[in-house]
Amino acid sequence: MRIALLDSINCGDVDAPREAYSPVFSDSTPARRGFAGIRVCPSHPAGFSYLSKRLARYIDGYQDIGLDCIVAFPYDSGGCGCKDCWPWGARGYLTISKEFVRLARLKYPAIKFILGTWCYDVREKPDGEWDGLAKALAEDTSWVHYIMADSHFEFPTYPLEHGVPGGLPMINFAEISMWGRFPWGGFGANPLPERFQRIWDETERKLDGGLATRWRAARGSRCRAPPERIMCSSARTRSPSRRARWPSPEPWAPSRLAAGRPCFRWPRPEASRSRIAS
């Protein structure tokens, strides 16, 4: 098992420059690309500078033990809908991912980079992210070692039908632990062995392994690959003084479950932004 560090690549904290906040972008119905705070545009000069400094801090402090891999996550809750970044997975995301790689190689010369594709082309009408990624990697793959693919539902069809962009090795992300549950997450983790076996049967000739995040590894890996082909990732917590101030969700309540209503009610994105700004 190898050690990886994962980051939602353009998420910011309360000190992010307001002029570089990312515009909203299209999502599926219901929304799957996620929202959990401040997104920063890497095409804005102040935004790129801010993200570069944040990413440098993020990967610092592991020199004594070393890191095998870093992982970029495009959505949930990153993303940017500005004209210079969209489609995100084919433009702005690649720009800031390359900066992530550059910074990591300064501290860990032998480190490998995993490019996540979570929620690529998740809408019914594709945004052109897989196609755009394939074109970009046809020109240069020197900065990336693996493509990581998976989804909330079935395995993404693009790499199965068209091959992995850049001809790179592909690993999976053994998500999602709340799959098929109602309310979402209301029953805790679900190992999903039947679903995972079905998808592994479909993808094992295409995959070179998989990534299990820290909290899933602690409960028993749900990665569909054999143990020797698993990487364990940690989504590192940022400094508490810089974290956005989030309201707590409603406590779990059996009465809400019995009434068929969600047990948790998170604030709408607009309300969250106003609270962060206050």
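Contacts in this predicted model mostly reach a long way along the chain: taking pairs at least 6 apart in sequence, 71% join residues at least 24 apart. The chain runs to 278 residues, and 49% of them count as buried. Its secondary structure adds up to eight helices and nine strands.

Helix 2, residues 92-107, is a good place to start. Its 16 residues should span 22 Å at 1.5 Å a residue, and with 24 Å between its end C-alpha atoms the helix agrees with that figure. Plenty of helix 2 is tucked away: Gly92, Tyr93, Leu94, Ile96, Ser97, Glu99, Phe100, Val101, Leu103 and Ala104 are buried. The cover over these buried residues comes from several elements, including strand 1 (2-8), helix 1 (45-59), strand 4 (69-73), strand 5 (112-116) and helix 3 (129-139). As background, an α-helix has 3.6 residues a turn, so residues three or four places apart point the same way.

Helix 1 has 15 residues and covers 22 Å from first to last C-alpha, close to the expected 21 Å. Here the buried set is Gly47, Tyr50, Leu51, Ser52, Arg54, Leu55, Tyr58 and Ile59. Just past the end of helix 1, Gly61 adopts a positive phi of about 95°.

How do these two helices pack? Two packed helices are described by the angle between their axes and the distance between the axes. For helix 1 and helix 2, the axes come within 10 Å and cross at roughly 40°. Angles under 35 degrees would count as roughly parallel, so at this angle helix 1 is oblique to helix 2. The crossing of the pair is right-handed. On the helix 1 side, the contact is made by Phe48, Leu51, Ser52, Leu55, Ala56, Tyr58 and Ile59, and these meet Thr95, Ile96, Glu99, Phe100, Arg102, Leu103, Ala104 and Lys107 of helix 2. Sorted by type, the contact residues come out as 10 nonpolar, two polar and three charged. Several names turn up again from the buried lists, among them Leu51 and Leu55 of helix 1 and Phe100 and Leu103 of helix 2.

Leading into helix 1 from strand 3 (38-39) is a loop that holds Cys41. With a relative accessibility of 6%, Cys41 falls under the 20% cut-off and therefore counts as buried. Leaving aside residues up to four places away in sequence, Cys41 touches Ala20, Tyr21, Ser22, Gly47, Phe48, Leu51, Cys80, Cys82 and Cys85. Its C-alpha atom also sits 8.1 Å from that of Gly79, a residue 38 places away along the chain.

The loop between strand 4 and helix 2 has some backbone oddities. Asp76, which lies in this loop, has a positive phi of about 55° despite not being a glycine. At 39% relative accessibility, Asp76 is partly exposed. The peptide bond running from Asp76 to Ser77 is cis, with omega near 20°, and Ser77 belongs to that loop as well. A cis peptide bond also links Trp86 to Pro87, with omega about 0°; Pro87 again lies between strand 4 and helix 2.

Beyond helix 2, the loop between strand 5 and helix 3 contains Cys119. Cys119 is not a glycine either, yet its phi is positive, at about 65°. Unlike the partly exposed Asp76, Cys119 is buried, at 7% relative accessibility.

Key:
Residues are numbered from 1 along each chain as its sequence is written. This is a predicted model: local features need pLDDT of at least 70, side-chain atom pairs count only at pLDDT 80 or more; totals for chains, interfaces and linings use all residues. Side-chain values use heavy atoms; hydrogens and water are left out. Helices (H or I, at least four residues) and strands (E, at least two) are DSSP runs, numbered from the N terminus. The expected span of a helix is 1.5 Å times one less than its number of residues. Buried means under 20% relative accessible area, exposed over 50%, partly exposed in between (1.4 Å probe, protein chains only). Contact means heavy atoms within 4.5 Å. Axes are lines fitted to C-alpha atoms, for helices over the stretch in contact, and angles run from 0 to 180 degrees between N-to-C directions. Angles under 35 degrees count as roughly parallel, over 145 as roughly antiparallel, 65 to 115 as roughly perpendicular and the rest as oblique. A crossing is left-handed if the near helix is turned anticlockwise from the far one by less than a right angle, and right-handed if clockwise. Ala, Val, Leu, Ile, Met, Phe, Trp, Tyr, Cys and Pro count as nonpolar, Asp, Glu, Lys and Arg as charged, and the others, Gly among them, as polar.
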